[in-house]
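Biologist: I would like to go through this model with you. Can you show it, and then give your reasons for each term you use?

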Amino acid sequence: MTRKQFKIATVTVAFVLVVALAAASSAGAGFDKKDKTVGRLLFGKVLDPQDSPLPDSVVYVTNTRTRAVKTYIVGPDGTYRFPALSNAVDYEVYAQFKGHKSDTKSVSQFDDRPQVYLDLKIDTH
């Protein structure tokens, strides 16, 4: 093999490797995005009976399997947000505001929505 043929063969092999790696990389990225479970988003608002937001309320989400609790202190608009909750677990959620509590609501593992919106109402009287 001449030096020129060797260079051409080397460049060809390098090109084939780059194309193969690019194809594997893009195929792998599509597989990860499609099959990777990132969990569900639970979000909503804490409201009084007149549908006004209750800022500084505390929302509690309980994993019914492990009994682990996550909390969120809502802002001025009354919204809360719990991203990346497991799709394979049931959750209970409720809110508290100045000694008053909302009803407890459930999020089932059989509910396949990726985003679950729940308003939590607290009677402050």
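Modeller: Here it is, and note that the model is predicted. Start with K101, which lies over the face of Y94.

Biologist: What makes K101 count as lying over the face of Y94?

Modeller: The distance from the ring centre is 4.4 Å. The cut-off is within 6 Å, together with an angle within 35 degrees of the ring normal. K101 is listed as lying over that face.

Biologist: How many aromatic pairs are there?

Modeller: The count comes to four.

Biologist: Why is the pair of F43 and Y117 called edge-to-face?

Modeller: Look at the two values. The ring centres are 5.1 Å apart, and the planes stand at 75 degrees. A pair needs centres within 6.5 Å, and edge-to-face needs over 60 degrees. So F43 and Y117 form an edge-to-face pair.

Biologist: What makes this pair a tie between separate parts of the sequence?

Modeller: F43 is in strand β1, residues 40–47, and Y117 is in strand β8, residues 115–117. The pair therefore ties together parts 74 residues apart in sequence.

Biologist: Are F43 and Y117 buried, partly exposed or exposed?

Modeller: Buried means under 20%, and exposed means over 50%. F43 has 25% relative accessibility, so F43 is partly exposed. Y117 has 40%, so Y117 is partly exposed too.

Biologist: Why is the pair of Y60 and Y94 stacked or edge-to-face?

Modeller: Stacked. The planes are 15 degrees apart, and the centres are 5.0 Å apart. Stacked needs planes under 30 degrees apart. Y60 lies in β2 (residues 58–63) and Y94 in β5 (residues 91–97), so this pair ties together parts 34 residues apart in sequence.

Biologist: Which residues form one aromatic cluster?

Modeller: Y72, Y80 and F82. Y80 also appears in the largest nonpolar core, which has 19 residues. Y80 is among those with the most contacts inside that core, along with L42, V46 and V59.

Biologist: Which strand supplies the largest share of this core?

Modeller: β5, with four residues. Strands β1, β2, β4 and β5 each supply at least two.

Biologist: Which residues does Y80 touch?

Modeller: Among them are L42, V46, V59 and Y72, leaving aside residues up to four places away in sequence.

Biologist: How do you know that D51 is partly exposed?

Modeller: D51 has 46% relative accessibility. Exposed would need over 50%, and buried under 20%. D51 therefore counts as partly exposed. D51 sits in the loop between β1 and β2, and its phi is near 65 degrees, a positive value in a residue other than glycine.

Definitions and conventions: Residues are numbered from 1 along each chain as its sequence is written. This is a predicted model: local features need pLDDT of at least 70, side-chain atom pairs count only at pLDDT 80 or more; totals for chains, interfaces and linings use all residues. Side-chain values use heavy atoms; hydrogens and water are left out. Rings of Phe, Tyr and Trp (its six-membered ring) pair if their centres lie within 6.5 Å; planes under 30 degrees apart count as stacked, over 60 as edge-to-face and the rest as tilted. Buried means under 20% relative accessible area, exposed over 50%, partly exposed in between (1.4 Å probe, protein chains only). A nonpolar core is a set of buried Ala, Val, Leu, Ile, Met, Phe, Trp, Tyr and Cys residues joined through side-chain atoms within 4.5 Å. Contact means heavy atoms within 4.5 Å.
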